[in-house]
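Trainee: Could you take me through one part of this model slowly? I'd like to see how a sheet and the pieces around it fit together.

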Amino acid sequence: MDFKDSIRQISEKIESLKENLPTEEATKTALIMPFISALGYDVFNPLEVLPEMCCDIGIKKGEKIDYAILKDGEPIILIECKHWQQDLNLHDNQLLRYFNVSKAKFGVLTNGIIYKFYTDLAEPNKMDTKPFLEVNMLDLKDTQVEELKKFHKSYFNVIEILSSASELKYMGELRTVIGKEFTAPTPDFARYFGKQVYDGVFTPKVLEQFTGLVKRTISNYINDTISDRLKAVTKEEDTPKAVGEPVIEAAGSPAEEPASTSKIITTEEELQAFYIIKAILYGTIPVERVTYRDAQTYFAVFIDNNNRKTVCRLYLDSPTNKRLTFLDENKKELHNKIKSIDDIYNFSKELIAAASKYL
């Protein structure tokens, strides 16, 4: 199993495990130790992973970090662990104190779900107040997996990680700022764009008008970009690969309705929904593996044209009762009502999770 598969496997298990982890120690054992192992380190070898390493701070003795990853007898990564329900924002000062008295170049604060990676970009040997990388294991991005891979024992290189850490840190902060501006433009943001198209005096009334205009324009621009991406995906396949290919029936799964060319009509709306799902899954799974089959009552999206690998089902025939449906582990349908196929984007996380099971 390669690194990406190992990390994805840990991610997929979190939801089913977390409610059964009442303590910090249980969180360490079930979530954090497997993560360290996925990075290539032997958690049972104290020469590689030293639990409860002493980090004496001045006259305060007996302070210990949960785990220290060692290389040649020296710590290279400190890991401070908390219970999975803990808010990590309340505990970064503790890691900062340990970091500042050790020789480690990287510190990690985690509750087994969120991983925050720190270093000393602002001031040498003093941990930054903000992480340069933050990973949510329940919402993993491929780019984040690639960044995590740099911490793998086989690839670990301090210089290489530091070279990208500064860029990652500021890109993360910019993403947050931009997201806030796009959602609720500040006066300065609205004024900046407004003054480039409006020659009059920027009175409070004009500013209020342009605040709404800027927000709507950004939303329209993003939607147009997504639409262009969908068109690009559509052009990749003039004829969907699922048509005319055999479908493998799953033992014990709900019976597929027999194909009947006289009764089954694949609508334009269903095809557009299919292309939306392909666009959402782009980057998670190769688009050529995403296929569909139309039945009399629903439209199903599969991986590898295999209905043992169902991503979702769509019920779009009724204008007032449209549904996006997932199958649980017992093949029971879990319905989600949607007003239009645009609402499919609201279930991106669930669609990626459903498809990721078949990577």
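What follows is a walk through one sheet, its helices and some ring pairs.

Mentor: Sure, and keep in mind that this is a predicted model. Let's start with the sheet. Strands of a sheet pair through backbone hydrogen bonds, either parallel or antiparallel. Here we have an open sheet of 5 strands, and if you read across it the order is β7-β8-β9-β10-β11, with antiparallel pairing. Look at the two ends of that order: β7 (290-294) and β11 (333-338) are the edge strands, and each of them pairs on one side only. The strands don't line up exactly, either: neighbours in this sheet are turned by 30° against each other on average, ignoring direction.

Now zoom in on one pairing. Strand β8 covers residues 299-303 and strand β9 covers residues 306-315, and the two pair in the antiparallel sense over 5 bridges. For one of the partners, find I303: its bridge partner in β9 is N306.

Next, add the helices. Helix α9 (residues 348-356) packs on the sheet, where it touches β8, β9 and β10, and its direction makes about 160° with that of β9. Helix α8 (residues 268-281) lies across β7, β8, β9 and β10 (322-327), and it runs at about 155° to β7.

While you're in that area, look at the side chains too. The charged end of R323 sits over the ring of Y315, 4.4 Å from the ring's centre.

Then there are the rings that pair with each other. The structure holds 17 aromatic pairs. One of them is F189 with F193, an edge-to-face pair at 5.0 Å centre to centre, with 65° between the planes. Both residues lie in helix α6 (residues 187-194), 4 residues apart, which is about one turn of the helix. How accessible are they? F189 has a relative accessible area of 18%, so it counts as buried, while F193 is partly exposed at 37%.

Compare that with F274 and Y275: their ring centres are 5.6 Å apart and their planes are at 55°, so this pair is tilted. F274 counts as buried because its relative accessibility is 1%, and Y275 is buried as well, with a relative accessible area of 7%.

Rings can also join up in a bigger group: ring pairs link F106, F117, F132, F151 and F156 into a cluster. Try picking out those five in the view, then go back to the sheet and trace its order, β7-β8-β9-β10-β11, once more.

How values were computed: Residues numbered from 1 in each chain as written. Predicted model: local features only at pLDDT ≥ 70, side-chain atom pairs only at ≥ 80, totals over all residues. Heavy atoms only, no water. Pairing = 2+ DSSP bridges. Axes fitted to C-alpha atoms, helices over the stretch in contact; angles between N-to-C directions. Contact = heavy atoms within 4.5 Å. Phe/Tyr/Trp six-rings, centres within 6.5 Å; stacked < 30°, edge-to-face > 60°. Buried < 20%, exposed > 50% of the residue type's maximum accessible area, 1.4 Å probe, protein only. Lys NZ or Arg CZ within 6 Å of the ring centre and 35° of its normal.
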